[in-house]
Amino acid sequence: MSWDAKDVALLKKLWVQGQSAAQIARRLGCSRNAVCGRLTRLGLTRGHKPPTAKPKIRSVRKREPALLVAGAQPAAKKVSRKTTNKQPKEFSKHQLYAMLAEAVRNTG
């Protein structure tokens, strides 16, 4: 969009009145991004939030592990050493068809 003096004056007027960039864009017949870009280049802002001169910076306290705080001992892990070689159960063709038919009925 080419901005002439009349469009810029209307943009400034509507911006000061408090209209949003989308409302101004509809009125001027351009995109919202075009309005935002022009506002940025003109240096116009709403000024809602003044910058803080001295923000408060608080340090984050390091967390100690819960075991050290409570004075508890770590629990021993139970590890199973048994390994069994179970063979998968084999089904007959009739059983497989019955399971498939029931699954189809349940999805229904």
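## Exercises on helix packing and cysteines

H1 and H3 are roughly perpendicular to each other. This is a predicted model.

**Exercise 1.** Work out why H1 and H3 are classed as roughly perpendicular.

*Solution.* Step 1: take the crossing angle, which is roughly 90 degrees between the axes of H1 and helix H3 (residues 32-42). Step 2: compare it with the cut-off; angles of 65 to 115 degrees count as roughly perpendicular. H1 and H3 therefore fall in that class. Step 3: add the distance; the two axes come within 11 Å. Step 4: list the residues that meet, which are Val8, Leu11, Lys12 and Trp15 in H1 and Val35, Arg38, Leu39 and Leu42 in H3. By class, this contact has six nonpolar, two charged and no polar residues.

**Exercise 2.** Describe how H1 packs on H2.

*Solution.* Step 1: the axes of helix H1 (residues 5-17) and helix H2 (residues 21-28) come within 10 Å, crossing at roughly 145 degrees. Step 2: the crossing is right-handed. Step 3: H1 contributes Asp7, Leu10, Leu11, Leu14 and Trp15, while H2 contributes Ala21, Ile24, Arg27 and Leu28. Step 4: sorted by class, the contact of H1 with H2 holds seven nonpolar and two charged residues, with no polar ones.

**Exercise 3.** Explain why Cys30 is not bonded to Cys36.

*Solution.* Step 1: a disulfide needs cysteine sulfur atoms within 2.5 Å. Step 2: the closest cysteine sulfur to that of Cys30 is in Cys36, at 9.6 Å, so the pair is too far apart for a bond. Step 3: the disulfide count is zero. Step 4: for accessibility, Cys30 counts as buried at 18%, whereas Cys36 is partly exposed at 24%.

Note on methods
Residues are numbered from 1 along each chain as its sequence is written. This is a predicted model: local features need pLDDT of at least 70, side-chain atom pairs count only at pLDDT 80 or more; totals for chains, interfaces and linings use all residues. Side-chain values use heavy atoms; hydrogens and water are left out. Axes are lines fitted to C-alpha atoms, for helices over the stretch in contact, and angles run from 0 to 180 degrees between N-to-C directions. Helices (H or I, at least four residues) and strands (E, at least two) are DSSP runs, numbered from the N terminus. A crossing is left-handed if the near helix is turned anticlockwise from the far one by less than a right angle, and right-handed if clockwise. Contact means heavy atoms within 4.5 Å. Ala, Val, Leu, Ile, Met, Phe, Trp, Tyr, Cys and Pro count as nonpolar, Asp, Glu, Lys and Arg as charged, and the others, Gly among them, as polar. Buried means under 20% relative accessible area, exposed over 50%, partly exposed in between (1.4 Å probe, protein chains only). Angles under 35 degrees count as roughly parallel, over 145 as roughly antiparallel, 65 to 115 as roughly perpendicular and the rest as oblique.
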